[in-house]
Amino acid sequence: MFFSGPGQTFSNSQFIDEYIHDFGWSRSQVSGVYSVATLLAGVLMMIVGRFIDRFGPRMMMVTVGTLFSLACFYNSFISSIWMLALGFFMVRLLGQGSMTLIPNTLVAQWFVKKRGRAFSLKALFSFAGAMLFPIINTWLIQTWSWQVAWQFWGIVLLFLFVPIAFLGVRNSPESIGLEPDGNVEPEADQQNKLVTPVIEAEEDWTLNEAMRTRAFWAVLICVGIPALVNTGITFHITSIFKTNGLSLEMAAMVLSLMAFVGIPISLVSGVILDKVKTNYVLFVIFIIEFFVLLLLLITDSFLMAILFGILWGIGRWIRTYCYRCYLA
């Protein structure tokens, strides 16, 4: 989850002004190819899911990590808008898509009773990536260049992440004589390679059944539209701040602050959602985010930038936990 960072919008946003400055591309061109690349990568995630089922998370993690590293090196050599489009596509497919899907699958296979705790720990590393990548990228770009920043992440992925995935990951607890949550299998089960059955959910919906409900489409709308807005704001936040007279460092700090807010929110959200209906919480969050976007128009000082980062981070992460409750 942490090393999916080079494919995430909070990381890519630090490179946009560099591309515009060095190659003379318009902001619309860069954001346009980013949007198309993200859409195509999202469509192909169904194929990635099938590969995970067929080859296992460990092999996929090593393979995706290696390809992701090569994609980072490729991005350091782009010189045309079409090369940029391909570079965006690769990092979105391999980083933002595959590198987040694989650990979600892996955690679900290793934990049942402790699954909530495991997902919470995984979320902490997502927050860590969102906090550190903007700051590290800004430092690398200003100290050396945007090409060096991409090469740095390529080296880190290839020589740190890939060995950890190869040596430290196992596809399932049953493959090493365990049950989910770390329990030891009975001897008979070890001999017969039996898999511990998982109790089915109270209601099991097929995709076709879910698509015939209003709730399914309502959730899609509530997930999709804010995701588009959030990605757009994150992608262009450096230029928005520059237009308002704020620095690149300030934009990176606000991106990190938005992620840092997620840590306490992850603890508070569960309490809120236990006491208040999820749709009511979403309604309030959408209203807050509407006014926060208006605040962004006049954010031209340090204090206002901090306020924007905190409020936008609170809204974003509570909204994310609401989605998880719906999907559960």
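**Entry 1: Asp 17**

I began with Asp 17 and looked up its contacts beyond the four nearest places in sequence: Arg 27, Thr 238, Ser 239 and Lys 242. The model is a predicted one. I located Asp 17 in helix α2, which covers residues 16-23. Is Asp 17 buried or exposed? Its relative accessibility is 13%, and the limit for buried is under 20%, so I noted Asp 17 as buried.

**Entry 2: the whole chain**

I then went through the secondary structure. I found 13 helices and zero strands in the protein chain. Read along the sequence, the pattern is α-α-α-α-α-α-α-α-α-α-α-α-α. I compared the radius of gyration, 21 Å, with the 20 Å that the globule rule gives for 328 residues; the two are close, so the chain is as compact as a globular protein of that length. For the C-alpha trace I wrote down a span of about 70 × 45 × 35 Å along the principal axes.

How much of the chain is buried? I have 44% of the 328 residues down as buried. The accessible surface comes to about 17700 Å², and carbon and sulfur atoms account for 69% of that. I also looked at how far apart in sequence the contact partners are. Of the contacts between residues at least 6 apart, 77% join residues at least 24 apart.

Last in this entry, the charges. I have 20 positive and 19 negative charges, and their mean positions lie 2 Å apart.

**Entry 3: the nonpolar cores**

I looked up the largest nonpolar core and found 52 residues in it. Tyr 19, Leu 84, Phe 88 and Phe 161 have the most contacts inside this core. Which helices supply at least two residues each? I listed α2, α3 (27-55), α4 (57-75), α5 (81-110), α6 (115-143) and α7 (146-168). Helix α5 gives the most, with eleven residues.

I took Leu 84 as one example. Not counting residues up to four places away in sequence, Leu 84 touches Tyr 19, Trp 25, Val 30, Val 33 and Ile 78. There is also a second, separate core of 15 residues, and Met 250, Met 258, Phe 308 and Trp 312 are among them.

**Entry 4: Ser 4 and Met 90**

Ser 4 sits in the segment before α1 (9-12). I have its relative accessibility as 2%, which makes Ser 4 buried. Which residues does Ser 4 contact, leaving aside neighbours within four places in sequence? I found Phe 68, Gly 95, Gln 96, Met 99 and Thr 100. I also checked Ser 4 against Val 91: they are 87 residues apart along the chain, and their C-alpha atoms are separated by 8.8 Å.

Met 90 is in helix α5. Its relative accessibility is 21%; buried would need under 20%, so I put Met 90 down as partly exposed. Beyond four places in sequence, Met 90 touches Ala 71, Tyr 74 and Gly 95. Gly 95 is also on the contact list of Ser 4. From Met 90 to Ala 108 I noted 18 residues along the chain and 26 Å between the C-alpha atoms.

**Entry 5: Leu 40**

Leu 40 belongs to helix α3. I have a relative accessible area of 46% for Leu 40, which is partly exposed. I checked Leu 40 against Val 91 as well: they are 51 residues apart along the chain, with C-alpha atoms separated by 12 Å.

**Entry 6: Glu 289 and Val 281 in α12**

I ended with two residues of helix α12. Glu 289 lies in this helix, which covers residues 278-297, and Val 281 has its place there too.

Is Glu 289 buried or exposed? I found it buried, at 6% relative accessibility. Not counting residues up to four places away in sequence, Glu 289 touches Trp 312, Gly 315, Arg 316 and Arg 319. Trp 312 is one of the residues I listed for the second core.

Val 281 is buried as well, at 9% relative accessibility. Leaving aside neighbours within four places in sequence, I have Ile 272, Leu 273, Val 276, Ile 318 and Cys 322 as its contacts. I then looked up Val 281 and Arg 319, which are 38 residues apart in sequence and 8.1 Å apart in space, C-alpha to C-alpha. Arg 319 is one of the residues that Glu 289 touches.

Terms used. Residues are numbered from 1 along each chain as its sequence is written. This is a predicted model: local features need pLDDT of at least 70, side-chain atom pairs count only at pLDDT 80 or more; totals for chains, interfaces and linings use all residues. Side-chain values use heavy atoms; hydrogens and water are left out. Helices (H or I, at least four residues) and strands (E, at least two) are DSSP runs, numbered from the N terminus. Buried means under 20% relative accessible area, exposed over 50%, partly exposed in between (1.4 Å probe, protein chains only). Contact means heavy atoms within 4.5 Å. A nonpolar core is a set of buried Ala, Val, Leu, Ile, Met, Phe, Trp, Tyr and Cys residues joined through side-chain atoms within 4.5 Å. The radius of gyration is taken over C-alpha atoms; the globule rule is 2.2 Å times the number of residues to the power 0.38. Accessible areas come from the Shrake-Rupley method with a 1.4 Å probe; for residues, only the protein chains shown count as cover. Lys and Arg count as positive and Asp and Glu as negative; His and the chain ends are not counted. The place of a charge is taken as NZ of Lys, CZ of Arg, CG of Asp or CD of Glu.
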